[in-house]
Amino acid sequence: MVILLPIVAALSCFLWPGRSIWIGLINTFTIVLSVAGLSLQVVEQGAGRYAVGGWEAPLGIALVSDGLSLLMLMVTAVVGLAISVYSSCYFNQDKARHFWPLWMLLWAALNALFLSADIFNIYVTLELMGLAAVALVALAGGKNSLGAAMRYLLVSLLGSLFYLLGVVLLYHSFGTVDMSLLAQRLESSPAVWAAMGLMTSGLLLKTALFPLHFWLPPAHGNAPAPVSALLSALVVKASFYILLRLWLEVFPVASFEAGQLLGLLGAAAVLWGGVLALRQTRLKLMIAYSTVMQIGYLFLAFPLASIAGWKAAVYLLLSHALAKTAMFMAAGNILLYEGHDRIAELDRVAQRLPMTLGAFALAGVSLMGLPPSGGFIGKWLLLEAAIRSGQWWWGIVLIAGGLLTGAYVFKVIGFAFTQSNLPHESRAVPIGMEWAALFMAMLAIGLGFIAPWILSIMDTGSPFGVATR
Amino acid sequence: MSAVFVYSLVGIGLFNLGLYALIIYPHLLRKILAVNIMGSGVFLVLVALAGRTASGVPDPVPHAMVITGIVVAVSATALALVLMLRVSAATGQPELPEEK
Amino acid sequence: MNWDAWLPLFIILISLLVALAIFPLAEEKVKTRISLNLGGALLKLVLVGFMLWGVYNGHHYETRLPFLPGLDLVLRADALSMLFVVLSTGLWFLTTVYAVGYLEDSPHRSRFFGFFSLCVTATIGVALAGNLITFLLFYELLTLATYPLIVHRGTEASRKAGRTYLIYTIGGGALLLIGTIWLYSLSGTLEFTTRGFLSAVDRSHHPALVIIFVLLIAGLGVKAALIPLHGWLPQSMVAPAPVSALLHAVAVVKAGAFGIIRVVYDVFGIEFSASLGVTLPLAIVAASTIIYGSLRALFQDDLKRRLAFSTVSQVSYIVLGIAIVGPLATIGGLVHLVHQGVMKITLFFCAGNLAETLGIHKVSEMSGVGKRMPWTMVAFTIGTLGMIGAPPLAGFISKWYLGMGALEAGQGWVVFVLAGSSLLNAGYFLPILYAAWFKEPVGNWPAERSFGHYETSLALLLPPLVTALLAVLLGLFASAPFSPYSWSQFITTLEYAP
Amino acid sequence: MNEILTTLLLLAVPLLPLLLVFPALRSRLPKAQFVSLLPAVIVVVTPVTFSAEFSWLLFGSALELNGFNRLLLAISIIVWVIALLRVSTEAATNNHMMTFLLLVMAGNFGAIVAADLLLFFSFTTLMGYAFYALLVTSDNTIRTVARVYLWLMIVADLLLFEVLLLLAVNNTNLNFASANTTMALSPLLDLSLWLVLLGFMLKAGIWPFHFWLSSAFRCVKPVWTILLAVVPVSVALLGLLRWLPLGEISSPVNGAIVQVIGVSTLLYTLISMLKMTGKNNKWPEHGIIFFMTGLFFTGLGTGLANAATWSIYEAWAYYYVAASGLVVLLVTLSIRIQLRQDKPVVQTLQSRDSTQNLEHFVVMLVTRVSKTGFYTLPGWRAWWLDMAKHFWSATCCWQSALDTSESKLSRWPVVITLFLLLGIVTVYFSCSC
């Protein structure tokens, strides 16, 4: 249901491009409702498993919904809702005609990815998602964005091919692609190592972990605002999600050093991304680099892959998804309003677009991990895990990252407070866009107050119950 | 030195060839082709490994996978080509701007 | 009972709601905004008074909200927090009145008052926080809420000041966070408990505890403006006068000092921290801050900067009172928390009046101002004499108990610090008074505005007078029930009960 | 007479003047300054020992009017009446001056009727500040003197404050009797003794701290000379009587030193008087005061030296203080009448005046300190800032290096080699388990 709806929507958008906005919106709401229904079901009955068309693994396609995937679905739904509202105001008619079907397709791919239980299925959805995302990036036109899209496409193809090769090896050695079965049958062998290496590196490339982040800033920086919000909030997270599942569920054999390696890359990403974000002069690029940085945070979970560790990562993931959406939306508003997004000239925004700036600030708070916000909870959990497991150096990275984030967020806000005397023509910003941004930002903050609930959802169906060391 | 092994070796070879091309050539068409070659390498491996059943009957699942994969690859290539055309229209040369 | 359980939350929510209600308000809706502000402040005053009475009669107000597994958000009204709550609520009311008068027909008032209320929300939260994480939460909120107030003017200077402020405070917040988490991982709890919860921790962890103590104090010392972390305070003087009054007397600085009180008493426990041997260094830092601040204040010509440095030195009295282990010194520190607030806010109100009415910003411009604005200067005089510690004003009481506590704890050197500091206070305050009262005005004022019958608008005039009166009464009727002095005695009996 | 009334009256003695300080109130009453004297007068004439406890005041304070200070109060009332009569014309015009006069009066009366150290201390402080203000407003020639007086007074207050602390630590009850016993028993007896002595010597202008008084006398109008004589000096002497545990200790050494001071004061007075009469045949009235204080100190020394002797003429000490006030008053008046002029004796200070020397020294000190304050500290600060700037610029070039490396990172070959390396490393690591 959750998957089919958007596909239907996408097709119908193709068929009646004129009314695509309405179809899109209606579908959005229905999807949100169905996700809510599913989540109710899961929360009540625990993790569920559905065999599509009655075929069980290894042959058929199976869908699994446990706490983790449920959370991902939820955040996708929420972000999707906001983005639909936002972009219903953002795009003009002919852009919208292209945007909606692609966006629905993307949404379908995401839902499928989060639900699918076998790694090949994941490959397909990953590919689908990548293609949709590339198309969306290209939507902006203009040579920068086209180049970015091209590069993004090549990267994602490359990554997914590596992933596929890994899948092939795994299937070859164990005759199944179903995760849980794999987890049972898996034993350490050269093929497994190779597969693990291939898949991991492929996914890292798609997740744009430092030093493989080169494609992300241009792609996110040049896409239209809602699209960049989508990419940062969801698309990147999808591949991280797969990585998390693989490492914690399928490859429990992964060694301490490997975890340390990923953590190290994460730390490097945090610092690198932070500093470069600070160096940026354009708002959207800055936000894109901050995405690179936040991804680094997520990877700190691997060395600390105790329960708290991955939960913290997921929590950070959720709050970052919300906050980053809000941020890109705010950036989009500012861009629309001022006609440029050069940070040094963002004067008087505080006076003219209070809601947008408020959204930006709140999102920034969440990214900084200042209380009270979702970011704070995630950071707290991560820090706690770090200190508990005696690996305090990750904690230092976290704090440093927080300071860096504070630096670049307040750089923007500080400029936005000053009064400029140079006049600039400004276009009105639709109220819907402002509200969408503010709404997301508030959610990101509010995420700080419902931690027990979220954490309990994570536990439903206890993903990685076995895998957690 | 079974046939399976040979095939899969060839597949891996193709994969690496594609990778090499992807790195070396700035021209987008070549890059796209390179990716395709990599893809077919993977499929080759997949098909080759499908033969690995006790009874001579090959395992159907890999074939299904390959078909799916090919579909995906085709669509991807289509998109890539369109993009390439747009890029070359926009920038004048069919290369990525940052390559020089 | 249920009522008891929710009262603290209400008290915080009031000003939060006020803030949220004010933000979307249009600029010209002056009446609505003012009535919202004052209404909120009054309602809060009433509730706080009620709660004060309840706490005095041993009532137990506590709000618990689940926050993290094993960690709740706790808002508890104990004697100590009431001290701070009453201070900030009362002064908030006055400051609001003042700010209304100060900012009339200036731009962005909705934004200003919104953040203003938010700031007080955070302060009350800091006061009522029942465990370290809640404290941390509101502490950071305070940082964020005060930033827009500092940059309110929107000039380049104010942006720089805001940046400095953030660099200091967010850094401090990070230190505080590290300390808190480390503490949590060691002790497994963060609840503020009278006489501390750490004395049970295994002896092998004591070095770690010392480091944690340093981290926490450094994090809090930023806001409490202990040297060498005081740099942001004088710079943030570019903010409008009510803001500086709030920063210095009520919200930020006090939040830091209060946090230090909490950490020393309710986290580590005074005896335990003494046994760790961390109190003496703290006392030394505080003492040097006192002297250094006064010295710097001596050489400022900008009135507000002079006041700022005097704050730097005065707030350390509180820390000093805590760091000297002993009930009497504790009384001194706690009572100074209130007294300094009252006196300093008076001074800032007066400085604001001078700036608003006559455009005076420098001490050198103040000659003869006493004839032009007698009432303001009377208030100013009382405030300064109180700061110097002239009996029977409020400042005298705190100084008295600090000195006695020092002697009681056998740390005679503190007495000399106090004496030197009061000499310096006299050194940088009395010339102002002299110029204001006895010199002849030179020429006409930089930018004079006339307010008709009174020397300045009533909204500007009344708050300083009220606080000045308070400064006198607090000293004179120190022993009256519910006076800060007797209240701190009440607290001290709790903290030091055998 | 019932309790409440006495309490109210006693309170009114210092409080009424304090209230009338506000011009608004004052303007309502005719001849406010005399009205403010009323309660004091009433209290003096009613033959009851007044006493009132105020537990809520400060840390619990008390006012009292017994035989001794009744006399003092009476004297000072007379003095005030005369003073007010003489300044009434001036005061009518000069509002400030009247305010300060009333403040001083309040302080004076309060100090007299105070029954515990703390209250006494508070009132004397009030009196001191107010008196400074009074001097400054009265005429400008005395400004430097007044400033010196102010600073000496602040120092004195600090000393007394320390004494109070020392006493209060051992015994929080600070009414005179118990405080005296506490001091007598305290291990730091000598210290507190000398703190008290120094404090009040400064306040009373005893030799060698006489200079502010003498120069003040030279250049103020006679009205103020009356006040000078009575207000600070006699109150200071009273303070000595109140604070020192006389009759409870007998320490010959201290006593001897005090006596020496007293005697030397006398000698100084004689010499200076002779010198001045030699110069211009005018009778320098401040000589009287030094004479009085000198005598007083000698007596005090004897008292300190031996408790028994003190207990004999304790009563007389109070009478003496009172009388001294009276005598000074009479003498000044007589001189004024004899000279038939109401101008300061010396309009400007002589060149080699000790006050000026002190002032000069202080100024030098202040300039030196302020040099440090204005230049050195900011200098350090600037240095720090420079360091910070250097560091920042260093990081800046570092950051540009970052940018270049970032652009490197966005080239395909680099990326993909990194990518492969990463894959291999991962494989390697996963092999190792």
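In the predicted model, chain C is built from 20 helices and two strands. The C-alpha trace of chain C extends over about 70 × 55 × 45 Å along its principal axes. For a compact globule of 498 residues a radius of gyration near 23 Å would be expected, and the 21 Å computed for chain C therefore agrees with such a form. Burial was also evaluated: 65% of the 498 residues of chain C count as buried. Of the contacts in chain C that link residues at least 6 apart in sequence, 80% are formed between residues at least 24 apart.

The two strands of chain C form a hairpin. Strand 1 pairs with strand 2 (residues 71-77) in the antiparallel sense, with seven bridges between them. At the turn, L68(C) has L71(C) of strand 2 as its bridge partner. Two residues lie between the strands of this hairpin, and G70(C) adopts a positive phi near 85° there.

The interface with chain A involves 25 residues of chain C, which are in contact with 24 residues of chain A. On the chain C side, at least two residues each are supplied by strand 1 (61-68), helix 5 (132-150) and helix 6 (156-187). Helix 6 of chain C provides the largest share, with 14 residues. By residue class, the side of chain C that touches chain A comprises 16 nonpolar, five polar and four charged residues. Strand 1 of chain C thus appears in two settings, as a contributor to the side that touches chain A and as the antiparallel partner of strand 2.

Technical notes
Residues numbered from 1 in each chain as written. Chains lettered and ligands numbered in written order. Predicted model: local features only at pLDDT ≥ 70, side-chain atom pairs only at ≥ 80, totals over all residues. Helix = DSSP H or I, 4+ residues; strand = E, 2+ residues; numbered from the N terminus. Rg over C-alpha atoms; globule rule 2.2 N^0.38 Å. Buried ≥ 20, exposed ≤ 12 C-beta atoms within 10 Å, placed from the backbone. Contact = placed C-beta atoms within 7 Å. Nonpolar A, V, L, I, M, F, W, Y, C, P; charged D, E, K, R; others polar. Pairing = 2+ DSSP bridges.
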